[in-house]
Structure formats: structure tokens, C-alpha cells
Amino acid sequence: MKTAHENWGSRLGFILATAGSAIGLGNIWKFPYVAGENGGAAFILIYLGIVFTIGLSVMLAEIAIGRSAQTDAISAFKKIGKPGWTFVGVLAVITAVIILSFYSVVAGWCIAYIVKSAGGAFSGMDAEAIGGAFGGFIGGPVAPIVYHGIFSALTIAIVIGGVSGGIEKTSKFLMPLFFVILLALVARSVTLPGAEKGLEFFLAPDFSSISPHTVIAALGQAFFSLSLGMAILLTFGSYVDRQTNLGKSVVQIACLDTLVAILAGLAILPAVFAFNLDPAAGPGLTFVTLPTVFNSMPGGYFFAIIFFVLLTIAALTSSISILEPVVAFFTNMGLSRKTATIGSGVLIFLLGIPSSLSVGIWSDVHFIKGQGFLDSASWLTDKLLLPIGGLLICIFAGWIIAPMMTREVSGDGAPGVLSKAWLFILRFVAPVAIFLILLSGLEIVSF
């Protein structure tokens with residue numbers, strides 16, 4: 001017997017939960033170092049332009065498909081009369097499973113760093129020593145898997161509570177807390193001596209630094225940050241009532257997501273410049289460079305703890321969103337939410353173990369492009385599955401069921417100028433941009 005389809009308890013709950021899905025490690029961990037690698041403010045301007053054109057258009061399409069179908073991501077295409085396109089939903093759910101498997105591993109590192117920071121594990125260490133400690137930790141065969149398990153258990157516990165009682169309720173608590181912590185970190189970072197160099201780098205654009213690679217990097221970051229192509233928005237859209245204005249809601253979600261990305265940059269890059277460290281340090285910016293910064297700043301002990309609490313909250317609001325599409329499919333197949341959540345969560349946890357071991361005792365085992373399991377899973381989703389999923393959504397919503405989509409977005413009235421502009425972007429602009437991401441990721445073309 002199928003479980004009754006759930007709904008959001010309020011429009012605010014929908015916005016906070018969906019924004020929470022977008023506001024994750026991609027904003028706090030990835031955005032600052034990608035901006036740092038691509039020229040700072042110039043990259044940000046391009047990123048903003050992409051988010052509020054291409055990103056909004058694809059996001060609106062996914063949510064509109066979900067609300068129209070009122071079912072899980074896989075069943076949605078059959079429900080609206082296009083069963084031949086069911087493979088798009090299958091692809092999106094598979095993508096979600098793969099992403100959450102390695103995402104949970106990295107989120108486990110964040111929990112570990114709360115514990116380590118609270119215990120003063122990095123006290124007195126320089127960047128080289130902290131880098132060695134980080135490598136030693138993630139390379140261990142037991143501790144990272146334990147923290148991966150703790151994070152997985154937290155995710156499962158919240159999703160078991162359901163859409164309104166679990167995901168929405170948690171998001172309403174965590175998101176305000178998240179903003180309070182983030183603003184405290186921004187206030188500390190921008191008031192450090194020498195922080196003005198980081199502010200200039202982050203806020204004063206140098207247009208000479210713009211290249212085709214900058215545009216592709218901004219496209220890829222926007223796509224990943226907004227949770228496009230992984231069944232989240234399609235599933236969340238199915239819980240939205242008919243009275244909710246989708247266009248307005250999507251703009252608010254994108255604004256929240258972008259605000260967090262900018263605040264994350266303000267929390268991290270001025271501090272990095274204040275201590276003459278490298279803003280283009282890549283993923284190590286979070287787990288090596290920033291602990292070095294915290295060691296050197298007044299009150300750094302406390303700010304280190306709250307920073308990694310912030311990271312964990314961001315990861316958790318995303319992980320519950322990534323797990324939900326998988327659970328929604330199995331509940332629609334007749335399983336109870338508890339059984340579907342525990343079963344899916346445990347399976348994803350087990351799938352994450354090779355990702356954890358691949359940066360340690362399995363580091364000599366290589367898969368895609370000579371990479372380990374974690375990097376191969378990340379490459380597969382970022383460079384291949386997400387762009388393909390997004391491209392298929394554009395084609396499906398923009399061409400196959402365009403009349404249905406314009407009615408869903410514009411209501412019962414005739415499509416207005418904004419609806420027509422959205423459809424134009426969905427049909428012509430977004431597919432070209434996403435195709436460029438795909439070609440670049442596959443290294444078919446070089447920018």
C-alpha cells in the first residue's frame with residue numbers, strides 16, 4: 001500500500017528546506033577556493049549572472065515538473081504522461097545516491113574537526129604540520145568511517161521524521177542558527193589587521209583575469225551549488241501546494257544561496273589574506289589553511305569550533321535533501337518511511353566506505369582517469385551525470401512539455417513576458433551553457 005503523499009507545512013518551510021539543500025559544502029567549502037582560483041570578484045560577477053539566468057531557469061523547471069506530477073522523481077515522468085522519459089528520474093536518483101555517499105565522508109571530516117578543534121589538536125602547529133595531521137586523519141582506516149557513520153545516522157534520523165516533521169522542522173531551526181554563526185565569522189574575519197587585501201580581492205573585480213575557463217568554472221559552481229540535476233528540486237517541488245508562487249519562491253531560494261556563498265567568501269578570504277596565505281589553496285583551504293589562520297588569530301580556538309559547526313550544519317541541510325528523493329521513491333513503492341530511510345541510508349553509508357578508504361589504504365586503487373574511488377565518484381557526478389541530467393531537464397521542460405510547464409509557472413493566465421523569457425533561456429541558452437560544462441569536464445574541448 002502506498003504512503004500518502006506529503007506536503008510542506010508552510011511556504012517558508014519549503015523555501016528554507018530548498019535553500020538548505022543548496023546551501024551546503026559547495027557554498028562554504030568550495031565557493032571561496034573556486035573564487036580564489038579564478039580571480040575573486042570578476043568570477044563572482046559572472047557567477048551571479050549565471051545563477052540568476054541559467055540557474056534560476058533550470059531550478060524553476062525542476063520544481064515545476066515536481067509540482068505538476070506530485071510524486072517521486074522516477075514516477076514523475078510517467079505521471080505526466082511521458083513514461084519514455086522515466087530514465088531522467090532514474091539518472092537523477094542514482095546521481096543523488098553517489099553524491100551523498102562521498103559527501104557524507106567529507107561531512108564526517110567536519111564533525112571530526114569540531115572534536116579536534118575543541119580538544120586543541122592543532123594548537124601550536126604550522127601549516128605544514130596541520131597538513132600532515134589532516135593527511136594522517138583522512139588516511140586512517142577506522143576514524144573517518146566512524147565519523148562518516150555518525151553523519152549518516154544524523155541524516156537518517158532527520159529524514160525518518162518526514163517532510164514536514166523532519167526536514168522542514170529541522171531546516172527552520174538550523175538555517176537561522178547557520179546565519180548567526182556565519183555572520184559572527186564574517187565580523188571576525190573582516191576586522192582582522194590586513195583583511196582589507198582580501199576584501200579588495202573578493203569585491204574589486206579585475207576584468208583582465210576573466211577567461212573562458214573562468215566562465216566554465218562559474219557555470220559549474222552555479223550548477224552544483226543550486227542542487228540542479230540530482231532529483232532534489234523535482235522531489236521538493238512535488239510537496240508544494242498550488243497556491244505557492246513558484247517564480248517568486250525560486251528567486252528567494254537563489255538569493256539565499258548566493259548570499260551564503262558571498263558571506264562564506266567574506267568569512268574566509270579576508271582572514272586568509274590577513275595571514276598572507278594562499279586563497280587558491282583548493283580543498284585544503286578548509287582543512288589546512290583555515291586551521292592555520294585560527295591558530296594565529298585572537299579567539300581562534302572558539303572561532304575554529306564554530307566554523308566547523310557551521311560546516312556541519314551546512315552539510316546536514318544538504319544531506320537530508322539528497323537522501324529524500326531516494327526515500328520518496330521507495331515510499332511510493334509501498335515501503336514505510338522508516339524502512340525506506342534506514343535501508344537507503346545504510347546502503348549509501350556502505351557505498352561511502354570505499355570513498356573514505358580511497359584516500360588512505362586504498363589510495364593505490366585507481367578508477368576513472370587514474371583517480372581513487374572518492375575522486376572518481378566526484379568526477380562522475382560533477383563532470384558527467386549532473387550536466388547530462390540538467391541538459392535533459394532543459395530539453396524535457398523546454399520542448400517536450402513546454403505548454404504544461406508555462407501553465408504551471410504562470411498559473412491559469414496567459415504566459416507573461418517573464419514566462420516567455422524563462423522558456424527562451426530553458427530552450428536555447430541553458431542547454432548550450434550546460435553542454436559547454438559537459439565538454440569541458442570531459443576534456444573534449446579546453447578553455
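Which helices each supply at least two residues of the lining of the largest cavity? Before I answer, please keep in mind that this is a predicted model, in which local features need pLDDT of at least 70 and side-chain atom pairs count only at pLDDT 80 or more, while totals for chains, interfaces and linings use all residues. Residues are numbered from 1 along each chain as its sequence is written, and side-chain values use heavy atoms, with hydrogens and water left out.

The helices in question are helix 1 (11-22), helix 2 (25-37), helix 5 (86-118), helix 10 (212-225) and helix 14 (300-332), a helix being a DSSP run of H or I with at least four residues, numbered from the N terminus. A cavity here is a set of points on a 1 Å grid over the protein atoms alone where a 1.4 Å probe fits but cannot get out, and its lining residues have an atom within 4 Å of a point; the volume is the space filled by probe spheres set on the points, which are joined across faces, edges and corners. The structure holds 5 cavities of 30 Å³ or more, and the largest has a volume of about 100 Å³. Its lining comprises 14 residues, with S21, Y103, F224, S227 and S318 nearest the centre.

Let me turn to D257, which is found in helix 12 (residues 246-274) and is buried, with a relative accessible area of 0%, where buried means under 20% with a 1.4 Å probe and protein chains only. Leaving aside neighbours within four places in sequence, D257 is in contact (heavy atoms within 4.5 Å) with A22, I23, N27, Y47, S225 and L226.

Technical notes. 1 Å grid on protein atoms, 1.4 Å probe; cavity = no way out; pocket = protein on both sides within 12 Å on 5 of 7 lines; lining within 4 Å. Buried < 20%, exposed > 50% of the residue type's maximum accessible area, 1.4 Å probe, protein only.
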